[in-house]
Amino acid sequence: MTKLVIFDLDGTLLNSLQDLATSTNYALQRHGYPTHELPAFRYFVGNGIDKLLERALPEAERSRENVLKIREDFMAYYAEHKADFTAPYDGICELLKTLKRHQLLLAVASNKYHAATRELIPEYFGEGVFDFVYGQREGIPAKPNPTIVFDIMKEAGVSKEEVLYVGDSGVDMQTAVNSGVTSIGVTWGFRDRKELLANGAQYIADEPYEIMKWVHL
């Protein structure tokens, strides 16, 4: 029986690419670095803020020092503009309502920094929809390390056989594999079906409501 469904955030629940791209380009421009067109960010995101900024920097400039330098401007700008263009994908809110109606526990496991994750969820989905919301926390390894999933499972009091993990990237599928839970890759996000399957997706959903096929009630 399914008791807990864990969702990735960016590219799975929320289409946040434009706000991430705008914030990154703002930080790059502030320090005289070239900016990028929106499609490039599909492959920059997924491994947390530092990795996003590292990938966005010119190859010869990808030092830890430069990442931290532009991170400060990114964080300040994103804090103010993280909801300018961001919105839930079509069908997501309906899926979440259905899952809650069946009394399933819902969680978010994101590589977005913890504070922004915690702020965005109630803004778009209201209070009480998600039972557990975890972003990237200081001192905790990012996905695909399974710690975030294990922490949620422990808090929820469920076993891995009772968990579905839903995400849009290879990192998400690796996270599910590493934690031993059932993986569902979604094709409406930032990466494609090929990447999802190559990284261990057990199921593929082309639209949100399809996920109900793999929920065992």
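**Exercise 1. Salt bridges**

How many salt bridges does the structure hold? Locate the pairs that involve Asp-50 and the pair formed by Lys-3.

Solution.
- The model is a predicted one, and the structure holds 14 salt bridges.
- Start with Asp-50, which sits in helix H3 (residues 49-56). Its side chain meets that of Arg-64 in a salt bridge, 2.9 Å from N to O. Arg-64 belongs to helix H4 (residues 64-81), 14 residues apart from Asp-50.
- Asp-50 also forms a salt bridge with Arg-71, at 2.4 Å from N to O. Because Asp-50 lies in helix H3 and Arg-71 in helix H4, this pair ties together parts that are 21 residues apart in sequence.
- Check the accessibility: Asp-50 is partly exposed at 23%, and Arg-71 is partly exposed at 22%.
- Turn to Lys-3, whose side chain meets that of Glu-162 in a salt bridge of 3.1 Å, N to O. Lys-3 is in the segment before strand S1 (4-7), Glu-162 is in the loop between H7 and strand S6 (163-167), and the two are 159 residues apart.
- Lys-3 has 36% relative accessibility and counts as partly exposed. Glu-162 has 17%, and since buried means under 20%, Glu-162 counts as buried.
- A network of salt bridges links Asp-8, Lys-143 and Asp-172.

**Exercise 2. The two domains and their interface**

Describe the contact between domain 1 and domain 2, and state how many salt bridges are counted between them.

Solution.
- Domain 1 is made of 4-15 + 86-214, and domain 2 covers 16-81.
- Taken over C-alpha atoms, the domain centres are 23 Å apart. The contact takes 14 residues from domain 1 and 16 residues from domain 2.
- The buried area between the domains is about 1,300 Å², with carbon and sulfur atoms giving 47% of this area. On the domain 1 side, Tyr-113, Phe-190 and Arg-191 lose the most area, together 48% of what that side buries.
- Count the polar terms: there are zero salt bridges between the domains, while nine residue pairs across the interface are in polar contact.
- Assign the domain 1 side to elements. Strand S2 (14-15), strand S4 (105-113) and helix H6 (114-125) each supply at least two residues. S4 gives the most, with three residues.

**Exercise 3. Nonpolar cores**

Which residues have the most contacts inside the largest nonpolar core, and where does this core lie relative to the domains?

Solution.
- The largest nonpolar core has 51 residues, and Phe-7, Leu-13 and Phe-130 have the most contacts inside it.
- Both domain 1 and domain 2 give residues to this core, so the core lies between them.
- Leave aside neighbours within four places in sequence: the contacts of Phe-7 then include Leu-13, Leu-95, Leu-99, Val-108, Phe-130 and Val-166.
- A second, separate core has 16 residues, including Ala-109, Tyr-134, Ile-152 and Ala-156.

**Exercise 4. Two buried polar residues**

Which backbone atoms does the side chain of Asn-111 reach, and which one lies 2.8 Å from a polar side-chain atom of Ser-23?

Solution.
- Asn-111 is in strand S4 and counts as buried at 6% relative accessibility.
- Its side chain reaches the backbone oxygen of Gly-46 at 3.1 Å and the backbone nitrogen of Lys-143 at 2.9 Å.
- Beyond four places in sequence, Asn-111 touches residues including Asn-47, Ile-49, Gln-136 and Val-171.
- Ser-23 is in helix H1 (residues 17-30) and counts as buried at 1% relative accessibility.
- The backbone oxygen of Asp-19 lies 2.8 Å from a polar atom of the Ser-23 side chain. Leaving out residues up to four places away, Ser-23 touches Phe-74, Tyr-77 and Tyr-78.

**Exercise 5. Backbone geometry**

Is the peptide bond from Lys-143 to Pro-144 cis or trans, and is phi of Gln-103 positive or negative?

Solution.
- Recall the background: most residues other than glycine have a negative phi, and most peptide bonds are trans.
- The bond from Lys-143 to Pro-144 is cis, with omega near 15°. Pro-144 lies in the loop between strand S5 (132-136) and helix H7 (147-156).
- Phi of Gln-103 is positive, near 65°. Gln-103 lies in the loop between helix H5 (92-101) and S4, and is exposed with a relative accessible area of 73%.

Terms used. Residues are numbered from 1 along each chain as its sequence is written. This is a predicted model: local features need pLDDT of at least 70, side-chain atom pairs count only at pLDDT 80 or more; totals for chains, interfaces and linings use all residues. Side-chain values use heavy atoms; hydrogens and water are left out. A nonpolar core is a set of buried Ala, Val, Leu, Ile, Met, Phe, Trp, Tyr and Cys residues joined through side-chain atoms within 4.5 Å. Buried means under 20% relative accessible area, exposed over 50%, partly exposed in between (1.4 Å probe, protein chains only). Domain bounds come from an automatic or database domain assignment. Contact means heavy atoms within 4.5 Å. Buried area is the accessible area (1.4 Å probe) that two parts lose on being put together, summed over both. Helices (H or I, at least four residues) and strands (E, at least two) are DSSP runs, numbered from the N terminus. A polar contact is a pair of N or O atoms within 3.5 Å; within protein, one must be able to donate a hydrogen and the other to accept it, and residues adjacent in sequence count only if both atoms are side-chain atoms. A salt bridge is a side-chain nitrogen of Lys or Arg within 4 Å of a carboxyl oxygen of Asp or Glu.
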